[in-house]
Structures are given as C-alpha cells and as structure tokens.
Amino acid sequence: MELLEQIKNAGVVGCGGAGFPTHIKLNCKVDTLIINGAECEPLLRTDRWLMCHRAVEIVTAAGLCGNAVGASQVYIAVKEHYAKPVAALREAIQALNSPVKLFLIQNFYPAGDEQALVLEVTGRTVPPAGIPLDAGAVVSNAATMNAVYDAVQGEAFTQKYLTVTGEVANPAILRVPVGTPLMKCVEAAGGTALTEYRILCGGPMMGKLYTKEEAQRETVTKTTSGITVLPADIPLVEQRETPLRVILRRAKTACIQCSRCTELCPRHLSGHPLQPHMIMRKLAYAEDLPTALEDNAVHQALICSQCGVCEVYACPMGLQPRQVNLFVKDALAKKGVRYARSGDTWMPMEMREWRKAPSRRMAVRLGVGKYYDYEISALLTPEVRQVRLALKQGAGAPAVPVVQVGDSVTVGQRIASCPEGAMGSNLCASISGVVTAVNGAISIERRTV
C-alpha cells in the first residue's frame with residue numbers, strides 16, 4: 001500500500017495547526033521538506049517530548065515523506081536550546097543512517113510558524129496569502145510525523161499527545177483517545193485549586209480561550225496540542241475578553257502612531273505588505289465600519305497570521321491590533337472578499353534578524369511567565385470511558401458517519417469517512433465500545449462485554 005493511502009486510511013491530519021489532511025499536503029513535488037520541531041507556542045512541551053522519546057519514529061517518517069514528495073533536502077527544524085531533543089534526533093539519524101538533517105534555529109516567536117520556518121531554512125519568502133508549496137517547500141510538524149509512522153504500521157490516528165500545564169497540580173504530557181473531554185485531561189493532571197479560571201486550548205498566543213462552563217462541553221480533537229488552566233485575572237484573559245468597541249475606542253484615544261506593531265510584525269518583516277498600524281488608524285478614525293472595510297489598506301488584514309506579536313510585544317500602549325485584524329478578516333470573509341495575490345517576488349526586510357520577538361518575553365507579557373520553565377517529562381495515560389469525536393476534525397469537509405447508534409466498534413475501526421471527492425479526513429474509533437450518539441459528533445461508551 002502506498003504511503004499516501006496509508007496516511008489517508010489512518011485519518012492523519014496536521015497535529016498542530018488547522019488540521020490540513022496530511023495525505024493531501026504530501027501529494028506534491030517539492031525540493032524541501034521541513035519537519036517543524038520548533039514548538040511555536042510558549043508553555044507547550046508535546047513536540048519536545050515526542051522528539052526525545054519517539055525520535056526514531058519521527059526520523060523514519062520524515063525520510064519516507066521526503067521520498068514521497070521528491071525532496072532533495074529533508075530537515076527537522078528544532079530550536080538550538082532544545083538540548084535533549086537535539087541529542088535524541090542526532091542519535092536516531094545516525095542509527096538509521098538517514099539523509100534527514102537537523103536545522104537549528106533561535107528561540108524566537110513565532111519560530112514554529114510555517115512561513116517563518118520556510119524563510120529560516122530556505123531563505124525564501126512565501127508569497128502573501130500563499131502556502132509553503134508556493135516556495136517549493138512542505139512543512140509538517142513532529143507530532144504529525146509520529147502519526148505518519150503509526151499509519152505505516154497500520155495504526156489509525158486515534159490517540160493524541162498533548163501538554164496539560166498552568167494551574168494544575170501535576171503538569172504532564174498526556175496520551176489520550178481523540179474525543180476525551182478537556183476536563184478529564186485537567187483531572188488527569190491533578191486538577192486545579194482555582195475556583196475561578198479559564199481553560200486555554202492550545203498555546204497562550206493563539207490558543208482558544210474557554211470559560212470553565214464552556215470547557216465542560218469541549219473534547220480533544222486531532223489538532224489539540226495543549227490545555228492550559230489559567231487564573232481569570234491575568235493580562236492574557238483580559239486581552240481576549242475585551243469587546244471590539246472598547247478596543248477601537250482605545251485605538252482612537254491612545255494610539256501614538258509609533259508604527260511599532262508594523263515594525264515588529266513577522267509577516268511584515270518577511271516582506272509582506274502588511275501594516276497593522278495603518279489598519280488600526282483606518283478603523284479607529286472611520287466614520288462607520290462598513291465604509292472602512294472598503295479601503296484596500298484595510299484588506300491587508302487578510303494576510304495577518306494572528307500571531308499576536310503586535311499586541312503582546314510591540315505596542316507600548318497596550319492596544320490590540322491583532323483583535324482588530326481578526327474582526328476585519330471575519331467581516332471581509334462574510335462579504336466574500338479575498339486577498340488579491342500578485343506574481344511579485346517578495347524579499348525579507350534587512351532588519352528582520354534583529355527584530356525577532358523573544359519567546360520568554362511573550363509569556364511574561366501575557367502573565368504566564370511562571371509556567372515557562374516548567375519541567376514536564378511525565379507521560380500519563382488516563383483511562384477514558386467515554387469519548388465524543390467531532391465529525392469535523394480539521395480543514396475541509398466533515399466526515400460522513402458509517403456507524404449507527406447501538407453499533408459495537410473497536411479502537412481503530414473507521415466510524416466516519418471523508419466524503420468522496422472532497423478535502424477532509426477519515427475518523428476512526430478511539431476506544432472500543434458502543435456508539436451512543438451520532439449527530440455532529442459520534443459518541444462512544446466503553447462497555448465491558
């Protein structure tokens with residue numbers, strides 16, 4: 001069976017981002033394959049743990065994927081200060097006599113952004129609104145390679161490695177079935193002593209924030225990389241929960257037109273025509289928002305990556321250009337407006353190397369610096385008796401159920417298929433048991449026979 005078919009059957013998607021189906025991403029020909037081991041977000045430790053403990057599997061899968069895409073160069077990009085992962089990967093490369101190479105990068109944010117990685121490794125800028133393929137490269141992260149290795153061994157993508165950290169008794173790496181309730185993961189890490197808190201699904205910069213009531217309804221998906229329990233009174237929470245009307249009013253009254261949000265924007269530094277300070281100015285002083293959205297300068301927001309450097313690190317006045325850009329992107333998407341791509345060649349700014357944002361500083365600014373140096377090495381595998389697997393687990397169309405309520409299923413069995421001719425991924429049972437619900441998700445309860 002060909003590699004791409006094995007990956008598709010297993011339901012593998014990108015583990016750390018939008019969940020793009022891996023069998024589609026690798027169905028191309030490029031000169032460079034980059035395995036992302038930079039673990040972009042502060043606090044998360046999942047990829048570091050995998051590179052330490054599953055180095056042989058990751059290197060093996062990287063070599064297989066490199067062959068599949070015809071890459072003459074296959075790199076695992078990892079931060080140079082990750083001493084243990086670097087040592088483990090080097091040992092694996094040597095033991096396997098693999099052509100895969102390590103590419104060591106600095107500890108800056110967002111080092112794990114795929115466009116930043118392509119620029120670091122190849123020196124090429126991905127065009128605005130483009131993808132790495134436009135620059136002759138493919139990027140896939142370390143956890144995805146681990147899932148690819150399992151797929152080659154005939155194992156479906158049913159188990160998820162993730163970090164649980166923050167205000168929990170025992171920060172840890174968990175290996176849990178896809179569909180595990182988020183609060184079950186918090187409980188497995190010893191729970192929290194806080195009475196009022198938020199649950200961050202993902203990292204502190206780009207993760208999704210839930211109230212504790214909302215988190216009760218959420219489950220682990222194929223793209224869940226971490227769960228962080230946070231106090232409700234820290235800057236990160238305040239920033240995320242500030243209403244747009246307040247953000248715009250602050251921009252109008254407090255913006256000093258210093259343009260630091262633009263000068264430190266990673267996309268701008270890579271050569272893209274993105275100027276967050278201009279978008280802030282247009283919206284803050286617009287007579288009405290619909291008129292402002294017609295301005296081409298505002299349309300630059302469509303190429304914003306939402307990394308958050310502008311509001312967390314750059315702005316001296318504590319304003320929130322990222323939230324403004326997010327509003328603009330959503331509004332333009334509803335109007336069907338897309339960024340007008342050009343055939344221009346884009347080059348990085350000369351000052352880029354000296355304007356990279358320190359990862360630790362980002363965590364401190366958000367009020368989560370106390371968790372930055374947590375040593376997280378324990379692997380926990382809690383028993384999970386009930387799962388709820390969303391039919392849409394990544395980019396593309398939702399999977400179509402092939403089981404009904406009352407059906408008995410075994411772990412790894414396909415329970416929903418990618419629609420014929422559509423982009424999406426298969427979904428497999430993450431525990432053995434009985435199907436108890438089929439709606440926008442498939443619920444399974446483990447039962448002893």
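This is a conversation about the cores and cavities of a predicted model.

Visitor: What makes the set around Val12, Leu33, Met145 and Val148 a nonpolar core?

Guide: A nonpolar core is a set of buried (under 20% relative accessible area, 1.4 Å probe, protein chains only) Ala, Val, Leu, Ile, Met, Phe, Trp, Tyr and Cys residues joined through side-chain atoms within 4.5 Å. The largest such set here has 43 residues, and Val12, Leu33, Met145 and Val148 have the most contacts inside it. Residues are numbered from 1 along each chain as its sequence is written. In this predicted model local features need pLDDT of at least 70 and side-chain atom pairs count only at pLDDT 80 or more, while totals for chains, interfaces and linings use all residues, and side-chain values use heavy atoms, with hydrogens and water left out.

Visitor: Which residues does Met145 touch?

Guide: With contact meaning heavy atoms within 4.5 Å, Met145 touches Ile35, Glu57, Ile58, Ala61, Ala62, Cys65 and Ser140, leaving aside residues up to four places away in sequence.

Visitor: Why is the largest void called a cavity?

Guide: The name applies because, on a 1 Å grid over the protein atoms alone, a cavity is a set of points where a 1.4 Å probe fits but cannot get out, its lining residues having an atom within 4 Å of a point. The largest cavity has a volume of about 160 Å³, and of its 17 lining residues Phe108, Pro110, Ala116, Pro266 and Arg352 are the closest to its centre.

Visitor: How do the residues of that lining divide?

Guide: Ten are nonpolar, two polar and five charged, where Ala, Val, Leu, Ile, Met, Phe, Trp, Tyr, Cys and Pro count as nonpolar, Asp, Glu, Lys and Arg as charged, and the others as polar. The second largest cavity, of about 110 Å³, has a lining of nine nonpolar, three polar and one charged.

Conventions:
Buried means under 20% relative accessible area, exposed over 50%, partly exposed in between (1.4 Å probe, protein chains only). On a 1 Å grid over the protein atoms alone, a cavity is a set of points where a 1.4 Å probe fits but cannot get out, and a pocket is an open set with protein on both sides within 12 Å along at least five of seven lines; lining residues have an atom within 4 Å of a point. Grid points are joined across faces, edges and corners, and a volume is the space filled by probe spheres set on the points.
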